[in-house]
Amino acid sequence: MRQLHAILFFCLVIALLASSCEDRLTNDPSARIEFSADTLRFDTVFTEQGSTTRVVMIYNRQREAVQIESVNASAGSRFKFNIDGEPKLENIRNLTLRGGDSLFVFVKAYIDPQDNTSPVLIEDSVCFNVNGMQQWLHLEAYGQDVEILRKDTLRGLKVTLGGGKPYLVFDTVIVAANATIKQGSKFYMHDNAVMIFLGNLQVEGTLEQPVVFRGDRFDNILRDIPYDYASGKWGGIFILQSADMPSTMKYEINYLDIHSGMVGIFCQSEKTSNLSTLHITNSRLHNFSAYGLVVQNMNSEIVNTEISNTADHCVYLVGGKHTFVHNTIANYFNDKKERVSIHSVGREDAAAVYINDLSKNQVRTEAVFTNNIISGWRKQNIVIATALPDRYEGVFKNNFLRNDTLNTTLYPNNYYEQDTDTVFTRTYFSREEGTYYDFHLDSVSPARDIADSLTAVKYPLDRYGNNRLEDGKPDAGCYEWLPEDFTESE
C-alpha cells in the first residue's frame, strides 16, 4: 500500500511540475510561435462581397508559456480577424499562450472595387509581437470586380451581356429581350441562381475566349477538392418560347462552357408547328445534378459538343427534329470508383440519351445521330420511347455506343461495346490520384477511326480546332485523338 501511495505521489508531483512549466512565462527572445501556414492564400474574392472564413493555427512548441504582446495589421487592411475570440486586434494585449498549447485565427477578406476586369492580387501582413520579437503572417487574395445581377428583368429590344466585368448572379434573372452574350463573358452563379431567356439568344464564345457559366465559389469542399467539382451548386439556363412568340426564334450557342449546376440548358417551346431551332456547337455541358440538355417541342442541331456526367439523362429529347453530329455524350456521374462523393445527389438509373416519342402533348420526335460517342456506366445508354421501337425511323450511323438494344437491322453502321474502360482517358474522379474526368479519347479507344468520312467533311475541325480529316480516318465524338493529346483543363 505504501508503494502505491508513493507512485501516486510521484505522478502528482510530475503533473504539477508539467503544469508549472506550461504556465511559467518565458522572456527568452528566441522563444517563437509557429503558424500552420506562413502565407494564408484566399481564392478569388468578389469585391464588396467578402470571402469565406479561413483558419490559421498558432502553436507554442515551447514547454513554457509565451506572451503575444500585440497584433498589428496595416492601416486599412482588407482582411478581418478573430483571434482567440477577439475580433479587434487593438484589444489583443499580452495574450498568454501556454506551453504546448495552440489557438485559432479566423480571417476573412473584404476587397474594395478595383476598377479592373481581371483579378487583382491583394497582399497584406499581420505582425505578432512575441517576447519583444516580430513574427509575420502573410495574406494573399485575388480581388475580382463583378457586375451583380439580382432578381432582375432585363427588357428592351436587344440586350448585350459581357465585354467587361464578369457577372455575379443571384436568384432568378429574366432576359426579356433579344440577347447577345459576347466572347469571354463569365457568369458566376450563386446558390440556386437561374437565368431565363425569353427572346432570341446568341452566345458568341470562341475557342480562345469561351463563354462560361459556373458556380460562384472558388474555395474547396475539402482541402484538395474544389467546390467547382460539385454538381447542383446553382440552377441552370432556361430558354423558353411561349405560344404567342414569333415562330422563327434564333438560338445560336457557340463555345459555351457550362458546368456544375442542376440543369445545363433547358429549352422548351409551347408551339406545335413552325418550330424554332436550337444550335449548339463546340461547347461543353458537364456535371449536373439533374439533366445536361433538355429540348421540348423544338428542333435542335448539336455539333462538336461534350455533354457529360448528369444524375439523370445527359440528353432528353421530346418533340421536334434533332440532329447530333460528332458529339461526346458520356455519363459516369458519381462513378463507383469515387471514394469521396462530390455530389449532393445520387445518380439515377438513367440512360445517357432518352428520346421520347410517346408524348401526346408534343409533336413527333425525330432523331438523327451520326459520328457520336454515347457511353456511360449503364449498359444501355440509349432509350427510344416509342410505340413501335422496331420501326422507329430515326437515323443512327457510325456512332460508338454502349448499348445493345438498338435494332441493328435498322441501324447497321454503329459500333457497339459493353466494356468501355478504354474509350476515354479517364472516367472517374480520384482524390488520391489528384485526377478528374477526362473525355478525350484513349490511345487505344475503340471509337477511333470509325466516323463516317463524308459527314466529317462537313465538320472538319473538332471542338478544339484539330483537323479530324488529316489522317483520313476521323474519330467519333467531339475530340479527335492526337499523339500529343492533352487533359481537359477548362
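Visitor: What does contact mean here, and which residues does Leu278 touch, not counting residues up to four places away in sequence?
Guide: Contact means heavy atoms within 4.5 Å. The model under discussion is predicted. With residues up to four places away in sequence left out, Leu278 touches Ile239, Tyr251, Ile253, Cys267, Leu293, Val295, Met298, Asn299, Ser300, Glu301 and Ile302.

Visitor: Which strand gives the most to the largest nonpolar core?
Guide: In soluble globular proteins, nonpolar side chains tend to be buried together. The largest nonpolar core here holds 58 residues, and those with the most contacts inside it are Phe187, Met195, Phe213, Leu278, Leu293 and Phe369. With five residues, the strand that gives the most to this core is β14 (residues 172-181).

Visitor: How many residues does the second, separate core have?
Guide: Ile68, Leu103, Leu137 and Leu139 are included in this second core, which is separate from the largest one. Its residue count is 30.

Visitor: Which strands stand at the edges of the open sheet of four strands?
Guide: The sheet has the order β1-β4-β8-β6, with antiparallel pairing. Two of its strands each have a single partner strand, so one side of each is left without a neighbour in the sheet. These edge strands are β1 (34-35) and β6 (79-83).

Visitor: Which residue in β8 stands opposite Ile83?
Guide: Strands of a sheet pair through backbone hydrogen bonds, either parallel or antiparallel. β6 and β8 (residues 102-109) pair in the antiparallel sense, over five bridges. Opposite Ile83, in β8, stands Val105.

Visitor: Is Phe106 buried, partly exposed or exposed?
Guide: Phe106 is found in strand β8. Together with Val55 and Phe104, Phe106 forms a nonpolar patch on the surface, with about 260 Å² of accessible area in total. The partly exposed class lies between the limits of under 20% for buried and over 50% for exposed. Because its relative accessibility is 35%, Phe106 counts as partly exposed.

Visitor: What is the relative accessible area of Asn94?
Guide: Most residues other than glycine have a negative phi. Asn94, a residue other than glycine, has a positive phi near 50°, and lies in strand β7 (residues 93-97). Asn94 is partly exposed, its relative accessible area being 46%.

Visitor: Is Asn274 buried or exposed?
Guide: Asn274 is not a glycine, yet has a positive phi of about 50°. Asn274 is found in the loop between β24 (265-269) and β25 (277-281). The class of exposed residues begins over 50%. At 58% relative accessibility, Asn274 therefore counts as exposed.

Conventions. Residues are numbered from 1 along each chain as its sequence is written. This is a predicted model: local features need pLDDT of at least 70, side-chain atom pairs count only at pLDDT 80 or more; totals for chains, interfaces and linings use all residues. Side-chain values use heavy atoms; hydrogens and water are left out. A nonpolar core is a set of buried Ala, Val, Leu, Ile, Met, Phe, Trp, Tyr and Cys residues joined through side-chain atoms within 4.5 Å. Buried means under 20% relative accessible area, exposed over 50%, partly exposed in between (1.4 Å probe, protein chains only). Two strands pair if DSSP finds at least two bridges between them. Patches are made of residues with over 30% relative accessible area and no salt bridge: like charges are joined within 9 Å, nonpolar side chains (Val, Leu, Ile, Met, Phe, Trp, Tyr) within 5 Å. Accessible areas come from the Shrake-Rupley method with a 1.4 Å probe; for residues, only the protein chains shown count as cover. A salt bridge is a side-chain nitrogen of Lys or Arg within 4 Å of a carboxyl oxygen of Asp or Glu.
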